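Trainee: Please take me slowly through one part of this model, and then show what surrounds it.

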Amino acid sequence: MLRVWAEVLTRDPQYLQRSIIMKLTITGYSTALFSTWYFVEELGLLFDAGDGITAALLQKARKIDNVFISHADRDHLTGLLQFNQLNAREGFPKIFYPFNSSSFPAIETFSKNFDPHVSGTTWKGIKENAHIQIKDDLYVQSIRNNHVPAEKDVFKSFGYQVYQVKNKLKKEYAGLSQEEILQRIAEIGKERMTEQIRTNILTYSGDTPVDDPERWNNTKILIHEATFLGEQELNHANTHRNKHSNLEQVLRMVSRLNIETLILGHFSSRYSNEEIDRSIRTLCDQLKIKIPVYRVLPGEVNRNILAGEPINNTI
Ligand SMILES: [Zn+2]
């Protein structure tokens, strides 16, 4: 094992330094009020489980191991029942949700009574900054957002970040031969020769107002909600109900952050596709946003979002 490791380092010293960002296949549906879910195929991950998720994914839903629900609004969770009864198997799926959302224990109980033949699923409430390991080198972290007003120690609404962890050879050991590396490993141990690099490869905002941009900084791919195009609807909605974002606020925020790719969703169905696309293009031009911006239009399943053309001008 050590020899293999040393060989890799000698052959390709950059190997462990590169953060290996695979091209992710992200499929999603996201329309405010009706349903939201995003499936990340390579990671076996589902963010939110709105109505229709299983009908859209068919057998591919079986690839989902871990489900992270952002909050208990019905458009984010009513697909759980069918998804679970078709896909439950020993130890999977693992369903995670904000610790203080009582809707989930209620669904768990209902699901167990309604489908007593179904077993294997784990349901787990998590607090903010929880680290959930989903692969050897990947974990998901819960990030509190302010969609649902709640006291500091009450957890009702999350975004989620996916981190990749790689071990990088420390600078002082770069350039050693395979034999030298093996010798050093024997002397001081592998751990002391390397340092950990964490890369935020993907972030899902959940439903959220734009209030703490730093939370979303330095992510490779940001999936963010943009429920409204204009300020007026936003003000009206945010005084009466849980809080949302509008497109201009999101793009203004993104223009100041270090993000490589943006996916916008959760648009209100009051807007036409043309209105949404025109607004995105106009604002991206105004704000000089050159990173690729994709969008999930109301009422449509978007398959492999990142394989499509960005909606804005990226040159
Ligand atoms: Zn929603």
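Mentor: Six strands form an open sheet in the order S1-S2-S3-S4-S5-S6, with mixed pairing; strands and helices here are DSSP runs of at least two residues (E) and at least four (H or I), numbered from the N terminus, and two strands pair if DSSP finds at least two bridges between them. The model is predicted, so local features need pLDDT of at least 70 and side-chain atom pairs count only at pLDDT 80 or more, while totals for chains, interfaces and linings use all residues. Residues are numbered from 1 along each chain as its sequence is written, and side-chain values use heavy atoms, with hydrogens and water left out.

At the edges of the sheet lie strand S1 (26-31) and strand S6 (122-126), each pairing on one side only. On average, neighbouring strands are turned by 15 degrees against each other, direction ignored (axes are lines fitted to C-alpha atoms, for helices over the stretch in contact, with angles from 0 to 180 degrees between N-to-C directions). S6 pairs with strand S5 (residues 94-98) in the parallel sense over five bridges, and Lys94 stands opposite Thr122 in S6. Helix H4 (residues 103-114) packs on the sheet and touches both S5 and S6, its direction making about 170 degrees with that of S6; contact means heavy atoms within 4.5 Å.

Strand S3 (45-47) and strand S2 (35-40) are among the strands that each supply at least two residues of the largest nonpolar core. That core has 29 residues, of which Ile26, Phe47, Leu202 and Ile263 touch the most other members; such a core is a set of buried Ala, Val, Leu, Ile, Met, Phe, Trp, Tyr and Cys residues joined through side-chain atoms within 4.5 Å, buried meaning under 20% relative accessible area with a 1.4 Å probe, protein chains only. Leaving aside residues up to four places away in sequence, Phe47 touches Trp37, Tyr38, Val40, Phe68, Tyr160, Val162, Leu202 and Tyr204. A separate core of 27 residues includes Val250, Leu251, Leu257 and Ile276.

One more feature belongs in this picture. The zinc ion has as protein donors Asp75 (OD), His76 (NE2), Asp207 (OD) and His266 (NE2), at 2.1 to 2.4 Å, where donors are N, O and S atoms within 2.8 Å of the metal (3.2 Å for Na, K and Ca), and sites may look incomplete as water is not among the atoms. His76 sits in the loop between strand S4 (66-68) and helix H3 (80-87), and His266, 190 residues apart from it, in the loop between strand S12 (259-265) and helix H9 (273-287). His76 is buried at 0% relative accessibility, and His266 is buried at 3%.

Terms used
Buried < 20%, exposed > 50% of the residue type's maximum accessible area, 1.4 Å probe, protein only.
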